[in-house]
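Open the model in your viewer and keep the selection panel at hand. The tour goes stop by stop: select, look, move on.

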Amino acid sequence: MRTGTVLSFVAAAALAACGGEVPAPKALVDARADYAKAKGGITLQLDPTDVHEADLALQKAESAWQSSQDPNDEHAIDQAIIAQRKAQIAMAEAAALKAQQELQQAKTELEATMSAQLQATRGQLDKTQRNLAQTQDQLQLTAAQAAEQKKQLADLEAKLKDARDTIAKIAAVKDDDRGMVITLQGEVLFKTGKWDLKPGAMAKLDQIADALRGKEQPMVVYGFTDNVGAVDMNMDLSQKRAQSVRDYLASKGIPGDLITAEGKGPAAPVAENTSVEGRAQNRRVEIVVKPKKS
Amino acid sequence: MRFAMIALVAAVTAACGSSFPPPNDEYSAGQADVGRAESGGAPGVPDAKLHLQLAQEDLQKSKGLMDNGDNKRAADLISVARVEAQLALSLAKQQQAEEQARKAQADVAKAKGGQ
C-alpha cells in the first residue's frame, strides 16, 4: 500500500512534469456522471435540496482530488463515493416524490370516477323509484277503475233483474242465445190483420219501455204470424207489426239507433199451427234485448 | 543521532494520529441511519439491501479502525456508511412509492373499465 502510494506520487509527479494530467479516480468520474444526471433531469425540479447537497459533496470531492492528485487516495475516493451517493439519493428521493404525485393524481382520479359512478347510480335509482311510484299510482288507478267497473256491472245486473221482474209480470220472459227474449202475444197487441197497437198494448209497452229505458242495450223487435194466408202477406204484416212496436218503444225513450224491427212471417213457430191455441201462440212479437257489448 | 530522529518522527506521527478525536457521535449517527434504513424497508428491496450491507460493513470497519487509533480514516468510512444507509432508505422509499402509485393507477383503470 505504501509502495503503491509512493508509485502513485511518482506517476503523478512524472505526469505533472511532462505537462500531462493525472486521470481522476473512477469513483469521482462516476460521481460527476451521477451528479450531471441528477442536475439535468427532473430531480433538480422535484428535489433541489438534495441536488444542492450532492453539489456541495462533489465540490468537496473535487477539492480532495485536487489536493492529492493521487488516484488511490482513500480520503479523496471516500469523498467521491459520498458525492455519488448524494446524487443517487437526490434521484431516488425525486423518483419517490414523482411516484407520490402520481399516487395522489390516481387517488383524485379514482375519487372522481367513483363519485361519477355513484352519481350515475343514484340517478338510475331515482329514476327507478320514480317509475315504481308511477307504476304504483297506475296500479292503484287500475284497481279503482276495476272496482268502479265491477260496481257498475253489479248495478247494471241489478237493474236488469229489476227490469226482468217487472216485465215478467206482463209478458213471457226467457233467455236464449240471442239474449233476453220478451214475448207478447199478437192478440194482446193488435186486432186481426192490423198492425196498429191496441190501447191496452200501449200500456204494456209503456211498462216495458220504462223497464228497459236507460239500459243502453241493442234490441230487435221480431214480428211473427201463423201459417194462415199467403207467406208474402204474413211477412208484410209481421214486418209492420214489429215496426209499430219498435216505433212505440222509440217514442217512449228507447234510443232509436239501438232498436230495429224485423218481420219473420210464419218462420220459427213456437207451437203447432194445427190448432187454434198453437196458431195463437205463433202470432207474436218478440223483443230481444241483446247483451251489452263490453 | 539517527535513532533519535526516527524516534522523533514516530512520536510526532503518533501525536498527530491521536489528536483526531474518536468519531463516536458520528458512529452512533451511522448506526441510527442503518436502523432507519432497516425499519424503512431496505432489506426487502434488492438495490437498497446492497447499499444497506455496504453501510453495515463500513461501520464495522470503522469500528476496527477506531480500535486501532485511526480515527480520521474511521470518520471518513463512517461518512460513507451513513450515505450508503441513507441511499438504502431512499431507494426503499422510492420502490414503495412507485408500487403504491402503480396499484392506484391499476385501481383507476379497473374502476374506469367497470363503467
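What share of the contacts in chain B with a separation of 6 or more comes from residues 24 or more positions apart? The figure is 68%. Bear in mind throughout that this is a predicted model.

**Stop 1: chain B**

Stay on chain B and switch to cartoon. You should see four helices and zero strands. Trace the chain from the N terminus: the elements run α-α-α-α. Now colour by accessibility. Of the 115 residues in chain B, 36% count as buried.

**Stop 2: H4 against H5 in chain A**

Move to chain A. Select helix H4, residues 48–68, and helix H5, residues 74–168. Their axes come within 8 Å and cross at roughly 165 degrees. An angle over 145 degrees counts as roughly antiparallel, so H4(A) is roughly antiparallel to H5(A). The crossing is left-handed.

Show side chains at this contact. On the H4(A) side, pick out residues including A:Val51, A:Ala54, A:Ala57, A:Leu58, A:Ala61 and A:Trp65. On the H5(A) side, the contact residues include A:Ala76, A:Ala80, A:Ile82, A:Ala83, A:Ala87 and A:Ile89. Charged residues take part too, among them A:Asp50, A:Glu53 and A:Lys60 of H4(A). The contact of H4(A) with H5(A) divides into 14 nonpolar, three polar and five charged residues.

**Stop 3: the loop between H4 and H5**

Select A:Gln69. It sits in the loop between H4 and H5 of chain A. Check the backbone here. Most residues other than glycine have a negative phi. Phi of A:Gln69, however, is near 50 degrees, a positive value in a residue other than glycine. With a relative accessible area of 24%, A:Gln69 is partly exposed.

**Stop 4: H2 against H5**

Keep H5(A) on screen and add helix H2 of chain A, residues 26–40. How are these two helices arranged: parallel or antiparallel? The packing angle is about 20 degrees, and the axes are 8 Å apart. H2(A) and H5(A) are therefore roughly parallel to each other. This crossing is left-handed.

Show the side chains again. From H2(A), residues including A:Ala27, A:Leu28, A:Ala31, A:Tyr35 and A:Ala38 make the contact. They meet H5(A) residues, among them A:Ile77, A:Ile81, A:Gln84, A:Gln88 and A:Met91. The contact of H2(A) with H5(A) divides into 11 nonpolar, two polar and three charged residues. A:Ala80, A:Ala83 and A:Ala87 of H5(A) deserve a second look. They take part in the contact with H2(A), and they also appear in the contact with H4(A).

**Stop 5: A:Glu187**

Jump to helix H6 of chain A, residues 186–189, and select A:Glu187. At 34% relative accessibility, A:Glu187 counts as partly exposed. Which side chain does the side chain of A:Glu187 meet in a polar contact? It is that of A:Arg283, at 2.5 Å. Leaving aside neighbours within four places in sequence, A:Glu187 is in contact with A:Lys198, A:Ala280 and A:Arg283. Now draw a C-alpha to C-alpha distance from A:Glu187 to A:Gln281. The two are 94 residues apart in sequence and 9.4 Å apart in space.

**Stop 6: A:Arg246**

Select A:Arg246 in helix H8 of chain A, residues 231–251. Is A:Arg246 buried or exposed? At 16% relative accessibility, A:Arg246 counts as buried. Follow the side chain of A:Arg246 outward to its end. The side chain reaches the backbone oxygen of A:Ile259 at 3.0 Å. Beyond four places in sequence, A:Arg246 is in contact with A:Val221, A:Gly256, A:Ile259, A:Thr260 and A:Ala261.

**Stop 7: the loop between S4 and H9**

Finish between strand S4 (259–265) and helix H9 (276–282) of chain A, the loop that holds A:Asn273. A:Ala268 lies in the loop between S4 and H9 as well. Select A:Ala268 and check its phi: about 50 degrees, positive although A:Ala268 is not a glycine. At 48% relative accessibility, A:Ala268 counts as partly exposed.

Then select A:Asn273. A:Asn273 is buried, with a relative accessible area of 15%. A polar contact of 2.8 Å joins its side chain to that of A:Asn282. Leaving aside neighbours within four places in sequence, A:Asn273 is in contact with A:Asp226, A:Asn227, A:Arg279 and A:Asn282.

Conventions
Residues are numbered from 1 along each chain as its sequence is written. Chains are lettered from A and ligands numbered from 1 in the order in which they are written. This is a predicted model: local features need pLDDT of at least 70, side-chain atom pairs count only at pLDDT 80 or more; totals for chains, interfaces and linings use all residues. Side-chain values use heavy atoms; hydrogens and water are left out. Buried means under 20% relative accessible area, exposed over 50%, partly exposed in between (1.4 Å probe, protein chains only). Contact means heavy atoms within 4.5 Å. A polar contact is a pair of N or O atoms within 3.5 Å; within protein, one must be able to donate a hydrogen and the other to accept it, and residues adjacent in sequence count only if both atoms are side-chain atoms. Axes are lines fitted to C-alpha atoms, for helices over the stretch in contact, and angles run from 0 to 180 degrees between N-to-C directions. Angles under 35 degrees count as roughly parallel, over 145 as roughly antiparallel, 65 to 115 as roughly perpendicular and the rest as oblique. A crossing is left-handed if the near helix is turned anticlockwise from the far one by less than a right angle, and right-handed if clockwise.
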